[in-house]
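Student: I would like a close look at one part of this model, beginning with a single side chain and working outward. Please go through it in one connected account, with the numbers.

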Amino acid sequence: MSVHEQVGWLSLAAAAGFGAAGWWWLVQHRPPREIILLSLDGHAVAHPIPTDGTQLPVSYLLTGPAALARVQAAPPAQAPQVAPRLVEDPPAAPQAEEEPEVPEAFLDPISLGIAHDPVVLVGTGAIYSRESLFQWLATGSRVCPKTNILLKDIEVVPLTALRQTIREWCERHGVAQPQAANAAANEAALAPLGPELQGLLASLRGGDVRLRGVAAGKINNMFIDWQRTPAILDMAEARTAAFKDMMLDLLWLLRHGDYYGAGVAAAALSQADAAMRVGEDVRHLLATLGALPAARLLHATDVYAQHSAARFLSIMRGLLGGELAAHVAGAGALSALCRQLQPGFPYVRCSAAVAIVAIMEYLPNRTELRRVGGVQALRRMVVEVYEAEDAGPTKQMHARYDCRDAAHALIAACATDEELAGQVPDSFVDHEGVLELTADMLRVFRSCGQAWIEGRVPRPGQGLDPQEEEELTSSDEEAAEAGEEAEEEEAHARADESEWETDEEGA
């Protein structure tokens, strides 16, 4: 193909292309002549676009490509002017506040909560909440819950500085403090007992040991006065709250005070049974924390301190348990108490006799009391009641108290008729010329009535009220059990002696 032909073909193709493009532009941009309308009954109708300004039927709706073309041909509608409006973010959902992390030193190992009233167990250094530790010790356990260490002597001391630190931390972090409500309730409970008590409590917790002893002496005298005040005797809850509030402070003074301070602290604590009449749980706790310090106080050179320690141990009947009784006896308590049984002791001797009962009722081996001469000293106290028949009423009453409690101690020691027999002074012989002191007579003296002690009846078995009759029956049962135990011990002793002789012969 020649050049001219190629040029011709190219020109023709170009003309065809421009023609097609122009035709396409005309089709797309020509004004629409009709519009497709959709009737309300669903039929499509082609309607010519009005050119004379008439309106389209209102019963039709625009639809289809022609309608789109018509809309495109119309001038653009002006968007409505809307005033700008600030759109606020929706409120965020409330989130739970994170609880503050409690320092480990503030936690109680028993309850795993905050130790709002912290105390330290001195033997191990573990810190507990007072209430949790007291509940643990009231069960009779002598094991530190945190360290699992078995403690022979248990001392608990309040941590005042740590308590203030915990209180400040709780205030900063908004943590509830139950001890504040407890303190208010305790203050309200103590209010009926008089304003003097609060001042004595402050002195008891002061820094000077001597002043603490003075405060403890005044508290002991206050407890004695309460026994003579019927209105206060009716306030059982207030008395218990007062005793529990000062118990640890008095126990600290019993351990660390001088002889006077320790003596009056022991005397005040011994009022738990009479003036305060606290519950069994508090008395169990008192035995756990105070029995060993009182046993050591028995060896003091001050006779008042010795007597007060004996009084404290006398309220421990039924509370010591075998393990603690063994520790108390191991501290030399029996020999020290026997020294208070001698006639020349300046204070009443019945407290020492009852303290021996409290210890002996848990000891399977009663040879220690015999070794230190306790059985003979107790026997002498029993028969001394006959010497006092010609004395004044007060001396007679003290002699009868001593007789009753010494008889109880001899029963607890399982004294036999052979141990009770022996020479007695002529002044002790009864009206028939012979004094027959037997185990049966001990039980009569042990369960004597208050009428005989006060001198209103001539014989110890007379004038018993119903409660004393019941105690006499209980005493007979205890004596029977004690006799069986004594026979078993004697049989074991004979068996051991026979075995020893056999081994000697074999050797």
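**From a buried arginine to a pocket and its surroundings**

Tutor: Arg 366 is located in the loop between helix 15 and helix 16 (367-371). Keep in mind that the model is predicted. Although arginine counts as charged, Arg 366 is classed as buried because its relative accessibility is 6%, and the cut-off for buried is under 20%. Its side chain has a polar partner: the backbone oxygen of Ala 412, reached at 2.7 Å. Helix 18 spans 393-412, so by the DSSP runs used here the contact with Ala 412 is made to the end of that helix.

Just past that helix comes Cys 414, in the loop between helix 18 and helix 19 (417-420). Its backbone has a positive phi of about 55°, although Cys 414 is not a glycine. Most residues other than glycine have a negative phi. Cys 414 counts as buried because its relative accessibility is 10%, which is under 20%. Leu 112 also has a positive phi without being a glycine, in this case about 65°. It lies in the loop between helix 2 (64-73) and strand 4 (118-121). Leu 112 is exposed, because its relative accessible area of 67% is over 50%. Of these two residues with positive phi, then, Cys 414 is buried and Leu 112 is exposed.

Helix 18 leads to the second largest pocket, which holds about 1,100 Å³ of space. Its lining is made of 30 residues, and those closest to the centre are Asp 273, Val 354, Tyr 401, Arg 404 and Asp 405. Two or more lining residues come from each of helix 7, helix 12 (303-314), helix 15 (350-360), helix 18 (393-412), helix 21 (450-453) and helix 22 (466-506). Helix 18 gives the largest share, six residues. Sorted by class, the lining has nine nonpolar, 10 polar and 11 charged residues.

Tyr 401, one of the residues closest to the centre of that pocket, also gives a distance to helix 21. Gln 450 belongs to helix 21 and is partly exposed, with a relative accessible area of 27%. Gln 450 and Tyr 401 are 49 residues apart in sequence, and their C-alpha atoms are 9.5 Å apart in space. Another link runs between Arg 400 and Trp 452: the charged end of Arg 400 sits over the ring of Trp 452, 5.2 Å from its centre.

Helix 7, another contributor to the pocket lining, brings in the aromatic residues. The whole structure has five aromatic pairs. One of them joins Phe 223 and Trp 226, with 5.3 Å between ring centres and 45° between the planes, a tilted arrangement. Both residues belong to helix 7 (residues 209-227), and they are three residues apart, about one turn of the helix. Phe 223 counts as buried at 0% relative accessibility, and Trp 226 is buried with a relative accessible area of 4%. A second tilted pair is formed by Phe 345 and Tyr 347, at 6.2 Å centre to centre and 55° between the planes. In this pair Phe 345 counts as buried at 12% relative accessibility, whereas Tyr 347 is partly exposed, with a relative accessible area of 31%. Tyr 304 joins them, as ring pairs link Tyr 304, Phe 345 and Tyr 347 into a cluster.

One more arginine over a ring leads to the enclosed space in the model. Arg 212 lies over the face of Trp 252, at 4.3 Å from the ring centre. Trp 252 is also one of the residues that line the largest cavity, together with Ile 154, Glu 155, Val 156, Leu 248, Leu 251, Arg 255 and Leu 289. The volume of that cavity is about 50 Å³, and the structure holds one cavity of 30 Å³ or more. Helix 9 (residues 236-256) supplies the largest share of the cavity lining, four residues. By class, the cavity lining has six nonpolar, no polar and two charged residues. For the second largest pocket, by contrast, the count is nine nonpolar, 10 polar and 11 charged.

Key
Residues numbered from 1 in each chain as written. Predicted model: local features only at pLDDT ≥ 70, side-chain atom pairs only at ≥ 80, totals over all residues. Heavy atoms only, no water. Phe/Tyr/Trp six-rings, centres within 6.5 Å; stacked < 30°, edge-to-face > 60°. Buried < 20%, exposed > 50% of the residue type's maximum accessible area, 1.4 Å probe, protein only. Lys NZ or Arg CZ within 6 Å of the ring centre and 35° of its normal. 1 Å grid on protein atoms, 1.4 Å probe; cavity = no way out; pocket = protein on both sides within 12 Å on 5 of 7 lines; lining within 4 Å. Points joined across faces, edges and corners; volume = space filled by probe spheres on them. Polar contact = N/O pair within 3.5 Å; in protein donor to acceptor, adjacent residues only side chain to side chain.
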